[in-house]
Number of protein chains: 2
Amino acid sequence: MQRILSAELARHVGEQVTIAGWIHRRRMLKSVAFLILRDRSGFAQVVTTSAELEALSEETVVRVTGTVTANEVAPGGVELTGPTIEVLSDEVEALPVELFRPSLTVTLPTLLDHAPLTLRHPARRPLFDLRAAVIRGFRSTLDGLGFTEVHSPKIVGIATESGSNVFELDYFGRKAYLAQSPQLYKQTLVGVFERVYEIGQAFRAEPSDTARHLAEYVSLDAELGFIENQRDVMAVLRDVVAGMIAEAKAVPSVAGAGFDLPEVPAEIPILHFSEALKIAGASPDEEDLAPAHERAVGEWGLREHGSDFVYVEGYPTLKRAFYTHPEPGREPYSRAFDLIFRGIEMVSGSQRLHRYADYVSTLTERGAQLGPYESFLEVFKLGMPPHGGFAIGLERFVAQLTGIANIREVTYFPRDLHRVTP
Amino acid sequence: MQRILSAELARHVGEQVTIAGWIHRRRMLKSVAFLILRDRSGFAQVVTTSAELEALSEETVVRVTGTVTANEVAPGGVELTGPTIEVLSDEVEALPVELFRPSLTVTLPTLLDHAPLTLRHPARRPLFDLRAAVIRGFRSTLDGLGFTEVHSPKIVGIATESGSNVFELDYFGRKAYLAQSPQLYKQTLVGVFERVYEIGQAFRAEPSDTARHLAEYVSLDAELGFIENQRDVMAVLRDVVAGMIAEAKAVPSVAGAGFDLPEVPAEIPILHFSEALKIAGASPDEEDLAPAHERAVGEWGLREHGSDFVYVEGYPTLKRAFYTHPEPGREPYSRAFDLIFRGIEMVSGSQRLHRYADYVSTLTERGAQLGPYESFLEVFKLGMPPHGGFAIGLERFVAQLTGIANIREVTYFPRDLHRVTP
């Protein structure tokens, strides 16, 4: 018999149906026993006997055929009665973590060591449904704006962005590196498609062991040409974030999870970096926003504009990546921006330099060797329009939206200083 | 003035507009000169003077403001007259490849060495538009079938699938490896979501220097649980391939490129491996299909069913990966299949083993050490449903659909034995 999902049961009252999934929980009472079956759509209650359930165990995969029977006190108003239960998997022995408890009260190392099991806990599902939804929203928004999806190589011959924190590789007997970002490739591809995005892994050999660092993460990158300045990039980013959050809100499990998902205003309030310092009561000589300053900016946005989001633009050029476009005639400021969400930086972006000579002078001023960049910089001799872009770290974005403190909790199999399995 | 795209010009006859893009070509006649401007939507003809154009060069980025004037002989029936031309990029000096010629008659090394430039050639655009479209079709089909998009790590602690052809990495002082596929992760995640897909890089340190091998490629992976056998996987793959091709056909540049894109029949004809050998006139003792056999199978599909696609199922277990499910009671055959497109293998898949003991006995029979697999195999003690899946190599898929002989031509920045730049 064709399997149906537990969420479809209510439409089949009185019928004989087959469902299949994991034994989420067994409840053995004196005269009756309940099997709670979990499938990708939710849960189903199966009425059976203790004798039948005793031989089974939680997480065993079963197929159950029975009659759909209305019962007001059953979850979803229906249950399966008169069941035939068939085991589809190996039988499951003692588990290191009990999934049937309402919340997973385990330490982070246990959570991660047993990821194949702990990822199954129903409380974690909305996090990963949200994760998939925001990727969908990222894509559909950019597809609608004329962007082309691209893929740039993750194995690169030269360590460009920052010489140190890069993973080194034996590439057929030569040295190669794992890409820290698709930055220079996406700029190159603006020269081809004008507007590009990429969803792909980025690798950072940072020895930082914090709640916000991963050695491997998914970067949602976008880059667009023919801009006037960073404001054009910020407008696209606003639409992208709005599209990501709208897609998340449309997922039932996410809507039901009680996350405090924000509204994205049509116009996100913008502060110049120098104004942000004033609002934060910081010295005008500060070269970057400290966490306390970002919090003050966040409070300002909420107080003055009722917005969870604030753009800060104009960060001093020297504190940003070498490809950042300065604000002409307004040293030391640049055309870089951050999107601050509830007082914490969420996304960074900028207008980039698009002239060869500007790259040469910037790299030289910063004391960098031109050598490693030379082949990339050639593209700026080939006719590059003014352009800019942004990168969203997927795991950080999901953690911030859902209020999860450690990004490892929204990563399937995180990689960090200490962890390269499972 | 707000920029419009060249494709929008015809809607603005008589108006003053601004367009922007690359100087694709200059045509200087005695009394008049034409600037052909290229943007992401196509081409626009600008009527100007030789004096104005002499100072410019191909691939320079310009912004042009002028009047849209109907002209039957102009491309698209309109041209821009009375233009003001403003240069937005650095001026472009002599180029190593001329993009204005109808086709790029350069060697493959030149094509790839100068990828930032050669990718701009208009003849290549449909290939990469198709590439982006088939990814879109892959996703939307699987989203519609209840699959969840996931990301598995590309840095792995153990070299599982085949010990040799794997890239080794210095991971914070330890040895790690680049993932050859997300195979065991996607199986693990079937235990969480039942149906998952992943779009991500896969890495093979194969020293093969052929037209079909890359050291890094994009793998479109899908895996689903609660199947009866491989036929359920084949049905999903049929819908996925149909969705990918439909999405490609809907793109104007692809439709206009003259690719011979196939129809995907509602039911793809299926041959058992043993029948395929007969049709190919091969010995029944053959353990795999040679290229000539696949061609014969392709001819059979076209002749008997009018189909460009044929499924072959039942490949001998020992010729397939260790996780392949054998066909019970029908040794030496398995529940593996290939999708043959016009006589060449396009996609591989199978039902997988889902019981711990089966993995142990298979690996042992094959003389493999259990050690590297142990942490992965633990998942089969946690309750795994019968499951299967497939992987589509994006670049091979695009090359096959478009009839391109070398997959490097449909890869932005290919990586192979000899090439790790640009």
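**A predicted two-chain model: contacts of A:Arg352 and the chain interface**

Colleagues, let me begin with one residue. Leaving aside neighbours within four places in sequence, A:Arg352 is in contact (heavy atoms within 4.5 Å) with A:Gln183, A:Lys186, A:Gln187, A:Glu223, A:Tyr323, A:His325, A:Tyr359, A:His387, A:Gly388, A:Gly389 and A:Phe390.

A word on conventions. This is a predicted model, in which local features need pLDDT of at least 70 and side-chain atom pairs count only at pLDDT 80 or more, whereas totals for chains, interfaces and linings use all residues. Residues are numbered from 1 along each chain as its sequence is written, chains are lettered from A and ligands numbered from 1 in the order in which they are written, and side-chain values use heavy atoms, with hydrogens and water left out.

To return to A:Arg352: the residue is found in strand β15 of chain A, residues 344-352. Helices here are DSSP runs of H or I with at least four residues, strands are runs of E with at least two, and both are numbered from the N terminus. Is A:Arg352 buried or exposed? With a relative accessibility of 4%, A:Arg352 counts as buried; the term means under 20% relative accessible area, exposed means over 50%, and partly exposed lies in between (1.4 Å probe, protein chains only). The side chain of A:Arg352 also makes a polar contact of 2.8 Å with the side chain of A:Glu223. A polar contact is a pair of N or O atoms within 3.5 Å; within protein, one must be able to donate a hydrogen and the other to accept it, and residues adjacent in sequence count only if both atoms are side-chain atoms.

Among the contacts of A:Arg352 are A:Gln183, A:Lys186 and A:Gln187, and these three are listed among the buried residues of α5(A). Helix α5 of chain A covers residues 183-193, and 11 of its 11 residues are buried, so the helix is largely enclosed by the rest of the structure. A:Glu194 follows α5(A), with a positive phi near 70°.

I turn to the annotations. An unreviewed UniProt entry carries a "binding site" annotation that covers A:Glu161, A:Arg204, A:Ser348 and A:Arg352. Another "binding site" annotation, also from an unreviewed entry, covers A:Arg204, A:Ala205, A:Glu206, A:Arg212, A:His213, A:Leu214, A:Glu345, A:Gly393, A:Leu394, A:Glu395 and A:Arg396. Positions are given in the numbering used here, feature names are shortened, and annotations may be inferred rather than shown by experiment.

Where does A:Arg204 lie? A:Arg204 is in the loop of chain A between β10 (195-203) and β11 (216-225). Its relative accessibility is 25%, so A:Arg204 counts as partly exposed. Residues up to four places away in sequence aside, A:Arg204 touches A:Asn165, A:Phe167, A:Gln180, A:Ser181, A:Leu214, A:Ala215, A:Tyr217 and, from the other chain, B:Phe172. A polar atom of the A:Arg204 side chain lies 3.0 Å from the backbone oxygen of A:Gln180.

A:Ala205 also has its place in the loop between β10 and β11 of chain A. A:Ala205 is buried, at 14% relative accessible area. Beyond four places in sequence, A:Ala205 contacts A:Asn165, A:Val166, A:Phe167 and B:Phe172.

A:Glu395 belongs to helix α12 of chain A, residues 394-402, and is buried at 3% relative accessible area. Its contacts, neighbours within four places left aside, include A:Arg131, A:Leu214 and A:Tyr217. The side chains of A:Glu395 and A:Arg131 are joined by a polar contact of 3.4 Å.

Now the interface. Chain A contributes 95 residues to the contact and chain B 96. Between them the chains bury about 7,500 Å², of which 59% is on carbon and sulfur atoms; this is the accessible area (1.4 Å probe) that two parts lose on being put together, summed over both. In chain A, A:His151, A:Phe172 and A:Leu382 lose the most area to chain B, together 9% of what that side buries.

How are the copies related? A turn of 180° and a shift of 0.0 Å along the axis lay chain A on chain B with an RMSD of 0.0 Å. The two copies are thus related as by a two-fold rotation axis. The same surface serves both copies, since 100% of the contact residues of chain A recur in chain B. Superposition is by least squares on the C-alpha atoms of residues with pLDDT of at least 70 in both. A:Leu169 comes closest to the axis of the residues of chain A, at 2.4 Å (C-alpha).

Finally, the chain as a whole. Chain A has 12 helices and 16 strands, and 59% of its 422 residues are buried.
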